[in-house]
Amino acid sequence: MFNDPLIIDDCISRKFSDHIKSVLMSAQIEWYYQYDITYPEEKMPIGFTPRPGLSHLYYDNVRSNRPLSQWYHLVFPVLLEACDKAGVKFDELMRARSFMHLPANPNTNLLNHPHIDYEIPHLVCLYYVNDSDGPTVVYNETLRDIKEENLKLEDLTVRMEIEPKQGRCVFFDGHIYHSSTQPVNGSRAVINFNMLSPSYDR
């Protein structure tokens with residue numbers, strides 16, 4: 001089903017998306033510093049320069065079968081509405097978290113590290129909280145083509161670049177390599193859902 005990323009605009013109502021934005025782009029929610037926006041410090045690939053950012057973890061089925069954040073019940077309906085609009089079913093939520101990218105120097109390399117979120121088969125739903133620059137780059141290559149420990153940027157070819165737009169979500173095979181891009185003209189906020197799904201062709 002997901003040979004190509006599936007983009008859904010206005011996946012939730014405008015009032016709901018404005019409310020999500022008002023919470024996540026404010027001091028109401030607790031943001032936590034990350035050494036690198038893609039990799040934890042202990043798993044940082046050799047030769048890569050860390051890209052600091054902020055994150056917030058709502059749910060992680062490895063750590064707990066209960067929500068880890070008071071804001072989980074705000075963001076989980078985003079996934080339900082997006083899946084309903086896209087015709088996607090899922091069996092289990094694996095993890096839900098948000099990332100905040102802060103404006104970067106436009107004279108630097110703005111592309112963050114290509115990666116996958118999990119090695120086990122899964123589906124990604126990425127929801128864009130606000131309009132911003134800093135596209136999501138989706139590559140042609142997957143974990144089946146290149147193991148992550150052997151990954152080199154020069155081995156990847158770009159399939160699609162998805163511009164952040166408030167209320168937009170994108171579904172894609174979690175084994176497809178992808179990168180975020182640092183914004184220049186303002187902050188960039190997303191909600192990232194990883195799930196087990198019968199819609200994913202294993």
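How many bridges join strand E6 to E7, and do these strands run parallel or antiparallel? In this predicted model, strand E6, which spans residues 136-142, is joined to E7 by four bridges, and the two strands run antiparallel. One residue pair can be named within this arrangement, in that Val138 has Met160 of E7 as its bridge partner. Both strands belong to an open sheet of three strands, ordered E7-E6-E9, in which the pairing is antiparallel. Strand E7 (158-162) and E9 form the edges of this sheet, each of them pairing on one side only. When direction is ignored, neighbouring strands of the sheet are turned against each other by 25° on average.

The largest pocket of the model encloses about 1200 Å³ of space. Its lining comprises 40 residues, of which Thr38, Tyr39, Pro40, Arg95 and Arg97 are the closest to the pocket centre. By residue class, the lining is made up of 16 nonpolar, eleven polar and 13 charged residues. At least two lining residues are supplied by each of strand E2 (32-34), strand E3 (53-60), strand E4 (92-101), strand E5 (123-128), strand E9 (176-179) and strand E10 (188-196). Strand E9 thus appears both as an edge of the three-stranded sheet and among the strands that contribute to the pocket lining.

A further local feature concerns His113, which is located in the loop between E4 and E5. Because its relative accessible area is 7%, below the 20% under which a residue counts as buried, His113 is classed as buried. The side chain of His113 is joined to that of Asp36 by a polar contact of 3.3 Å.

Terms used:
Residues numbered from 1 in each chain as written. Predicted model: local features only at pLDDT ≥ 70, side-chain atom pairs only at ≥ 80, totals over all residues. Heavy atoms only, no water. 1 Å grid on protein atoms, 1.4 Å probe; cavity = no way out; pocket = protein on both sides within 12 Å on 5 of 7 lines; lining within 4 Å. Points joined across faces, edges and corners; volume = space filled by probe spheres on them. Nonpolar A, V, L, I, M, F, W, Y, C, P; charged D, E, K, R; others polar. Pairing = 2+ DSSP bridges. Axes fitted to C-alpha atoms, helices over the stretch in contact; angles between N-to-C directions. Buried < 20%, exposed > 50% of the residue type's maximum accessible area, 1.4 Å probe, protein only. Polar contact = N/O pair within 3.5 Å; in protein donor to acceptor, adjacent residues only side chain to side chain.
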